[in-house]
Amino acid sequence: FDTGRKFSEKTHPERFYHGFVLGLIVDLAGRYQIRSNRESGLGRYDVMLEPLHREDDAIVMEFKVFSKQKDKTLENAVENALEQIKQKKYDTELIARGIHENRIRHYGFAFDGKKILIGEADVCSPRNRR
């Protein structure tokens, strides 16, 4: 979805970080089917890892580039990413494939230059249940 257009790290930093993270997780291809920027639920998730083996959990990742005006703190950017996963119901595709929602992990990534903060939603908490 992000390819085929001219971009740079300065004009579209989210694409730079997206590619960076995909490069880091490509080694997991033997355990997961790795999907990027596909529609699920009410929008497009950034990265989804569907387990190839039942013992592994599924993973949905959402990336945010920190903005002082919008996020205030890096922690808020992580929370915004996690909230987007929940509100847009990005795990719909995984649930439709038979993966129970308690086996789906949600991770929010916030990037600010060379700083990164990663947060995980507590999938068992009432605020994350539908």
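Here are a few friendly notes on strand S6, its neighbours and one surface patch.

1. This is a predicted model, where local features need pLDDT of at least 70 and side-chain atom pairs count only at pLDDT 80 or more, while totals for chains, interfaces and linings use all residues. Residues are numbered from 1 along each chain as its sequence is written, and side-chain values use heavy atoms, leaving out hydrogens and water.

2. Start with strand S6, residues 104–112 (strands are DSSP E runs of at least two residues, numbered from the N terminus). Because 7 of its 9 residues are buried, S6 is largely enclosed by the rest of the structure. Buried means under 20% relative accessible area and exposed over 50%, with partly exposed in between (1.4 Å probe, protein chains only).

3. S6 has partners in S5 and S7 (strands pair if DSSP finds at least two bridges between them). S5 (residues 58–65) runs parallel to S6 with 8 bridges, and S7 (residues 115–120) runs antiparallel to S6 with 6. Phe111 stands opposite Val65 and has Ile116 as its bridge partner in S7.

4. Now look at the rings (Phe, Tyr and Trp, its six-membered ring, pair with centres within 6.5 Å; planes under 30 degrees apart are stacked, over 60 edge-to-face, the rest tilted). The structure holds 4 aromatic pairs. Phe63 and Phe111 have ring centres 5.9 Å apart and planes at 70 degrees, so they are edge-to-face. These two residues lie 48 apart in the chain. Phe111 is buried at 3% relative accessible area. Phe109 and Phe111 are stacked, with centres 6.2 Å apart and planes at 25 degrees.

5. By contrast, Leu24 is exposed, at 57% relative accessible area.

Terms used. Helices (H or I, at least four residues) and strands (E, at least two) are DSSP runs, numbered from the N terminus.
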